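The exercises below concern one helix, its surroundings and a metal site. Work through each task before reading its solution.

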Amino acid sequence: MKADSTPYHLCLDVLGNPLRIEIIKELKKGPKSVGELTKVLGEEQSKVSHSLATLKKCCFVDSNRDGKKIVYSLRETLLQNNKGEDLFEALEIHAKEHKGKCWRRD
Ligand SMILES: [Zn+2]
């Protein structure tokens, strides 16, 4: 691979997970807390939290504190903006907007 290639595959890796896809589908309906997501998805809270952290790192979701709970919402991403781009164009827009954050691994 060329050294300057944009690593889109890392964003696709983040999406390529059944639980993360389910979370995105739920957040498309509206913002939710970890507790709410855990309930609707019937998954362990630790798994849901971990998936949300991964989605946040790749800039697919945002989190906001609402009193005691943290509410997650979907960012405008390739999943939401429907401007007729094909997947790769949409991914490139996502990558440009979030470059430096998407691929920061810690
Ligand atoms: Zn990304």
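**Exercise 1.** Determine what a side-chain oxygen of asparagine 17 reaches at the start of H2.

*Solution.* The oxygen comes to within 3.0 Å of the backbone nitrogen of leucine 19. Polar contacts here are pairs of N or O atoms within 3.5 Å; within protein, one must be able to donate a hydrogen and the other to accept it, and residues adjacent in sequence count only if both atoms are side-chain atoms. The model is predicted: local features need pLDDT of at least 70 and side-chain atom pairs pLDDT 80 or more, while totals for chains, interfaces and linings use all residues. Residues are numbered from 1 along each chain as its sequence is written, and side-chain values use heavy atoms, without hydrogens and water.

**Exercise 2.** Describe H2 and say where its buried residues lie around the axis.

*Solution.* Step 1: H2 spans residues 18-29; helices (H or I, at least four residues) and strands (E, at least two) are DSSP runs, numbered from the N terminus. Its first and last C-alpha are 17 Å apart, close to the expected 16 Å, where the expected span is 1.5 Å times one less than the number of residues.

Step 2: Leu19, Arg20, Ile23, Ile24, Glu26 and Leu27 are the buried residues of H2 (buried is under 20% relative accessible area, exposed over 50%, partly exposed in between; 1.4 Å probe, protein chains only). They cover an arc of only 165°, which puts them on the same side of H2; the arc is that of the directions from the helix axis to the C-beta atoms.

Step 3: Pro18 and Lys29 are exposed on the face turned away from the buried side. After H2 comes glycine 30, with a positive phi near 155°.

**Exercise 3.** Place lysine 32 and list its contacts.

*Solution.* Lysine 32 is in strand E1 and, at 15% relative accessibility, is buried. Its side chain reaches the backbone oxygen of glutamate 26 at 3.3 Å. Beyond neighbours within four places in sequence, its contacts (heavy atoms within 4.5 Å) include Leu27, Leu37 and Tyr72.

**Exercise 4.** Identify the protein donors of the zinc ion.

*Solution.* Donors are N, O and S atoms within 2.8 Å of the metal (3.2 Å for Na, K and Ca); water is not among the atoms, so sites may look incomplete. Cys11 (SG), Cys58 (SG), His94 (NE2) and Cys102 (SG) lie 2.2 to 2.3 Å from the zinc ion. Cysteine 11 lies in helix H1 and cysteine 102 in the segment after helix H5, so the pair ties together parts 91 residues apart in sequence.
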